[in-house]
Each structure stands twice: as structure tokens, then as C-alpha cells.
Amino acid sequence: MTAQPALSKRAQSIGLSKIAQLVSRAAELRAQGKDVISLGFGEPDFDTPLNIREAAQKAMDEGDTRYTATGGTNTLKLAVQKKFKNDNGLDVDLDQIMVSVGAKHVLFNAFLATLDEGDEVIIPAPFWTSYPDIVKVAEGTPVFVSCGADVGFKLTPSALEAAITPKTKWVMINSPSNPTGAVYSADEISALAEVIRKHPHVWILSDDIYEHIRFTEGKYATIAALAPDLSGRTLTMNGVSKAYAMTGWRIGFCTGPKALIKAMTAIQGQATSGPNSIAQAAAVEALEGPQNFLDESRATFKERRDKVVCWLNECPGIKCQTPDGAFYAFPTCSDCFGKVTPDGTKIETIDDLASFLLEKHDVTIIPGTAFGAPNEFRISYAASLEILHEACNRIKAGCEQLQ
Ligand code: PMP
């Protein structure tokens, strides 16, 4: 008999994500010969641009194959410094910058470096599924603040004020948001800053990973730039995964106060050492090479967004706001609840609707419960228009069957 490992409380506090469960059920159905469309993925469907792949090849050929400095190569940190200055108006020193194995790893480093048991992290819901789990791995306590469709899925100053306690360590801001696509305006960010200003023990983690996939006009709003007086307690994170279709390369970066970056670097040093040397060379080219890919992919995503929102709003029982960024649509479908499928199953929750659509209409949507939102589902429009149209037709056919 194989012995069962005695799992830590930490390991037991997180489970297989709902997204992973659905993806594996979809794979099972596909193996049975069903043509299931999955709109679950959180990554661009484009290839990494050629100039970036060539830079990686060159790095390999030129022997750029050794350990790098733990917090990233000097060349990449210089490119990141320039990026923060040019795109965000943030003037930061090199020792305020760190490169990690994806933006997700930035969160790990930050929470492991700062959270003790019971420390609270305010997470506006809907949230990216990994936030609460990473907080839990670091033995912190996620504190959810519900931000529904009525407030455009965005944290309001009064809701933030009400959630702050003496134990609050961090508040998460994610704009454009995964899963809602919501984008905070400069005024909205400034209003949140006003609340945080009154609570000097609260730090801000600004997850800007979808910065470049944004369909609103004007300058991108990030809190460290809008409230420079708070930059001494702000960690601004970003990366190349979404903007440059580089999810598999695993390069994220951040800027924050020197002492925090130092502690995070020490933690990273014992986990991964520096990030992959070749991927870092590729990321330098992403940040410093031609930027036309950003405009081209944004235009493609915008066209898809407009069509998908329109198609979803044709589905009975579904209402979809127009997201301002990222590549997700997040429709509300509470009007479907209480209805019955042709075989007599009552749809009581968003999970019921997701399994009905998967089992009977061959389309995977991600139920909002995965993101702390019981009335919505997420679809990713990082797929061709043809696939998206077919998927929306299947969702519509399912909704039309509900009585
Ligand atoms: N933040 C958000 C909001 C995300 O959606 C993701 C990726 N799904 C990440 C961070 C992590 O990005 P990376 O792939 O660079 O780790």
C-alpha cells in the first residue's frame, strides 16, 4: 500500500481549481469524440512575435545560458526601468525593480515576504482565482469585497473603507481585470488612493498585467503614478505574458520600495534563483523592440470583444456589459436561474448552467464562482471569430432551451 503524505495545512487550504476541473471534464468529453469548444483559457491565442523568438535564439547561440542575478539581468532591469518611466511615468532606481518567473511569482514573493498568519489581504471580487490561494499559501487571510455588475465590478471607496481593519496588509487592485475586463479610470484610482492615504499600515498591490489590452482612451491609470505619496507602500506588477503573447516564457516584473524588493529577492533566491536566462533576453526584445504587435493585437481583441458582447446579449437570460480591457467577457445570467432544462434539471446556480452547457451543448464557460461571482460566467475571447461565433451560438441554443 502506498503511504499517504501528511499534507501541511498550507497544502490542504488550496484545492484543484474549478477551472482545472472543467478543463479536465472537457478533455474527457473530447476523448469520447465530442467537439467541445473551450473558452476557458487566460492567454492570447497568438504566437510570440518573431523578433522576440529570434532574440531568444540569439541568446542561446551566444551562450547566454548560465544563472543570472537572482532579481533579473541588468539589461532586463534597465529595459523594465525604461518601460515604467515611459509608459507609467514612474521614476525608479534599479534596486527598486525585480524580475520573476511570471507575474504570478511576483505575488508569491510579495506575500511570502510580508504576510504572517492572520494578516489580511483585501481582494475585490470578482478576482483572479490565484489571488486568494497565493494569500493562503503565505498563511494570510483573503478578505473579499463584493463588487457586482451594479458597480461595474469595481471596488468603490466606501466598500474599501469598510473592509480595512488593523490587520489589513495589502489591498489588491487589478485593472484591466481578470475576469471582468473592468478598467479603473484615473479618478476612480485617485478616490481609492484617498481612502488608503488615511490608513498608513495598508499597502497596495497593483496588478497591471493587462495594461496594454485596454480599449479606453487616454493614459493608463496606475496608482503609484497617480498617488506618488503612496508609492513608498505600493508594489506595481506587470509582465510580458499577456501583452506580448509570452505566457509560456514566464517573465514578470515589479517595482516597489527598495526594502521590499530586497526581501522578495531573498525569497526568490531560495525558490528559483534568477528567472530563465533565455526568456529574460527575449523579454528585453519584447520591451525594447518594435511595439506594433501591441496595437495589432489590441485591434483584434477589440473586434472580437464587440462581436462577442453582441452575440451574448442575444442569448435569452444573459446580460453582458462591454468590458474595457483584457480579453474576457463576463455576462450576468441570474435570469437563467430557476429555469429547467429539457430533461427536467433545474438550473439553480451558475455551476449548473456551466455543466448543462458543457454536457449538452459542447461549450466550456468558466462559472463565476471560481472568481467569487455567483451570477456571472467568464469566457475568454482569445480565440478566432469563427470559434467565438460557434461558441456563442451554442450558448444561445442552450439558453433558448431553458423554460
Ligand atoms: N494577474 C492576472 C490578473 C492574471 O490574469 C494573470 C495570468 N492569468 C497573472 C497575473 C499572471 O501572469 P503570468 O503568466 O505572468 O504569471
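Below are three short exercises on a predicted model, each with a worked solution.

**Exercise 1. A helix pair**

Find how helices α12 and α14 pack, and which residues make the contact.

*Solution.*
- Step 1: Locate the helices. Helix α12 covers residues 292–313, and helix α14 covers residues 385–401.
- Step 2: Take the geometry. The two pack at an angle of about 10°, and their axes are 10 Å apart.
- Step 3: Classify the angle. Angles under 35 degrees count as roughly parallel. Therefore α12 is roughly parallel to α14.
- Step 4: Add the handedness. The crossing of α12 and α14 is right-handed.
- Step 5: List the contact. From α12 come Arg304, Lys307, Val308, Trp311 and Leu312. From α14 come Leu385, Leu388, His389 and Cys392.
- Step 6: Sort the contact residues by class. There are 6 nonpolar, 1 polar and 2 charged residues.

**Exercise 2. The open sheet**

Work out the strand order of the open sheet, and name the strands at its edges.

*Solution.*
- Step 1: Read the order. The 7 strands run β2-β8-β7-β6-β5-β3-β4.
- Step 2: Note the pairing, which is mixed.
- Step 3: Go to the edges. β2 (97–100) and β4 (141–146) stand there. Each has a single partner strand, so one side of each lacks a neighbour in the sheet.
- Step 4: Add the twist. From one strand to the next, the twist averages 25°.

**Exercise 3. One strand pair**

Determine how β5 and β6 are joined, and find the bridge partner of Trp170.

*Solution.*
- Step 1: Locate the strands. β5 spans residues 168–174, and β6 spans residues 203–207.
- Step 2: Take the direction and the bridges. The strands run parallel, joined by 5 bridges.
- Step 3: Pick out the partner. Trp170 is bridged to Trp203 in β6.

Definitions and conventions. Residues numbered from 1 in each chain as written. Predicted model: local features only at pLDDT ≥ 70, side-chain atom pairs only at ≥ 80, totals over all residues. Axes fitted to C-alpha atoms, helices over the stretch in contact; angles between N-to-C directions. Helix = DSSP H or I, 4+ residues; strand = E, 2+ residues; numbered from the N terminus. Parallel < 35°, antiparallel > 145°, perpendicular 65-115°, else oblique. Left-handed = near helix turned anticlockwise from the far one by under 90°. Contact = placed C-beta atoms within 7 Å. Nonpolar A, V, L, I, M, F, W, Y, C, P; charged D, E, K, R; others polar. Pairing = 2+ DSSP bridges.
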